[in-house]
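Subject: Structure handover

Hi,

Here is the structure I promised to pass on. Please open it alongside this note.

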Amino acid sequence: MTRTTLMRLIAAVLVLTAVISVVMVQIDWNGPAGATEANDVDTLLDVMIILSAFVYSIVLVMLGYSIWRYRAKPGDESDGEPIHGNTKIEIAWTLIPTVIVLFGAAYSWVILDKIEARESDRLEVNVTAQQFAWHFEYPDQGVTSTELHVPVDRQTEFNLKALDVIHSFWVPEWRVKKDAVPGQPTSLVATPDTDGNYELICTELCGIGHSTMRAPVIVESQEDFDKWIEDQGGKPGGQAAAPPGGAAEGSLAAEGKQIFDDQGCSGCHTLKAAGATETVGPDLDEVLADKDPQFIEESIVDPDAELAPGFAQGIMPDNFADSLSPEQLDTLVKYLSQSTQGGKSGAGAQ
Ligand code: CUA
């Protein structure tokens with residue numbers, strides 16, 4: 001292949017990439033946008049489309065060139081020339097895809113990092129998914145609802161919990177999506193920037209009623225949101241709870257129970273103080289009664305390190321070190337320590 005031919009092929013690839021990209025990027029793949037995260041996700045998709053168009057163009061141009069250049073002459077019945085290896089081409093077809101894939105990975109990482117950043121004044125909503133319904137709890141406002149109301153232009157964090165099987169939280173206009181997994185709390189944030197009515201859709205096949213598992217989403221001004229909270233009997237204006245670092249003793253029980261419930265502990269354990277009666281995991285009143293806080297903390301962050309008799313390895317999620325903030329972990333440990341040793345007359349009881 002001469003240098004001129006190579007230049008022409010490269011030019012053909014670039015022109016084809018441009019033509020395909022212009023057409024494909026025009027298409028409104030994701031529909032209307034309704035959150036600040038949507039712009040970043042849509043830009044990411046456009047970049048991926050252009051990269052894909054580039055790869056597709058290389059394949060198409062080389063295919064066309066080979067068909068044309070190496071076609072058999074009329075009457076030529078002979079075999080093709082045997083060819084072994086071509087170091088230059090092999091380096092090129094390893095290096096180019098590697099660069100493309102690494103760029104895609106790095107760029108996605110940057111976008112994900114940006115849209116997942118938590119803001120300090122965010123609104124917290126606890127979301128419970130079950131076959132086949134959604135429930136919402138506003139812990140700071142003291143409201144529960146089957147409609148999801150959120151204020152416009154304020155970040156909201158959705159703490160997801162599933163009671164039975166895996167469900168998935170998705171409001172198409174916000175783009176972001178996350179699974180709700182039994183026994184493994186997850187969360188996602190969105191900052192809706194356009195008020196109006198939307199729909200929360202379960203996007204994980206979860207059973208016979210999956211397609212009906214939807215909930216109304218109302219994005220409204222902060223005033224309308226506060227008014228709705230008041231109508232529901234809650235107290236508006238509640239900001240995201242401050243980290244309970246300097247929490248007063250009186251609120252330890254309430255905060256501890258909140259974390260115990262939010263993190264799904266009550267879905268598996270028995271703990272009298274929290275009114276929890278499940279038996280998937282050990283009875284905490286029993287197994288923690290003579291344990292110090294250090295043991296309790298280890299049992300939460302590294303549950304398989306020491307197992308309670310009769311319970312197998314791997315039953316308890318081992319990601320609480322990630323899903324709990326250091327303050328939450330501290331509160332939970334204190335809460336468990338206090339509530340399990342309260343009635344115990346042994347040494348170490350406080
Ligand atoms: Cu819940 Cu699909």
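Below is what turned up, grouped by topic.

One caution before the details: this is a predicted model.

**Surface patch and helix α1**

Start with the surface. V15, V19, V23, M24, I27, W29 and L45 form a nonpolar patch there. Together they offer about 600 Å² of accessible area. Helix α1, residues 3-26, supplies the largest share, with 4 residues.

V19 sits in helix α1. Its relative accessible area is 48%, so V19 ranks as partly exposed. A18 also belongs to helix α1. At 41% relative accessibility, A18 is partly exposed. The C-alpha atom of A18 lies 8.1 Å from that of A53, and the two residues are 35 apart along the chain.

**Salt bridges**

Now the charged side chains. Those of opposite charge can pair when their charged atoms come close. The whole structure holds 9 salt bridges. Several are worth a look.

K114 pairs with D40, at 3.0 Å from N to O. This pair joins distant parts of the chain: K114 is in helix α3 (residues 87-115), D40 is in helix α2 (residues 36-69), and 74 residues separate them. Are the two partners buried or exposed? K114 is exposed, at 53% relative accessible area. D40 is buried, at 16%, because the cut-off for buried is under 20%.

K178 and E116 form another salt bridge, with their closest N and O atoms 3.7 Å apart. K178 lies in strand β7 (residues 177-180), and E116 is in the loop between α3 and β1 (123-130), so this pair ties together parts 62 residues apart in sequence. Both ends are partly accessible to the probe's count: K178 is partly exposed at 25% relative accessibility, and E116 is partly exposed at 36%.

K227 and D231 also form a salt bridge, with the closest N and O atoms 3.5 Å apart. This one stays within helix α4 (residues 222-231). The partners are 4 residues apart, which means about one helical turn lies between them. D231 is exposed, with a relative accessible area of 55%.

There is a network as well. R118, R122, E124 and E157 are joined into one by salt bridges that share partners.

**Helix α5 and its neighbours**

Last, a helix crossing. How do α5 and α9 cross? The axes of helix α5 (residues 252-262) and helix α9 (residues 326-341) come within 9 Å and cross at roughly 110°. Angles of 65 to 115 degrees count as roughly perpendicular, so α5 is roughly perpendicular to α9.

Both helices contribute residues to the contact. From α5 come L252, A253, E255, G256, K257, I259 and F260. From α9 come Q328, T331, L332, K334, Y335, L336 and Q338.

Which residues of α5 are buried? They are L252, G256, I259, F260 and D261. These buried residues pack against α9, and also against β5 (156-162), β11 (270-271), β12 (276-277) and α6 (284-287). After α5 comes G264, with a positive phi near 85°.

That is the full handover. Write back with any questions.

Best wishes

Conventions
Residues numbered from 1 in each chain as written. Predicted model: local features only at pLDDT ≥ 70, side-chain atom pairs only at ≥ 80, totals over all residues. Heavy atoms only, no water. Patch = residues over 30% accessible without salt bridge, like charges linked within 9 Å, V, L, I, M, F, W, Y side chains within 5 Å. Areas by Shrake-Rupley, 256 points an atom, 1.4 Å probe, with all protein chains shown as cover. Salt bridge = Lys/Arg side-chain N within 4 Å of Asp/Glu carboxyl O. Helix = DSSP H or I, 4+ residues; strand = E, 2+ residues; numbered from the N terminus. Buried < 20%, exposed > 50% of the residue type's maximum accessible area, 1.4 Å probe, protein only. Axes fitted to C-alpha atoms, helices over the stretch in contact; angles between N-to-C directions. Parallel < 35°, antiparallel > 145°, perpendicular 65-115°, else oblique. Contact = heavy atoms within 4.5 Å.
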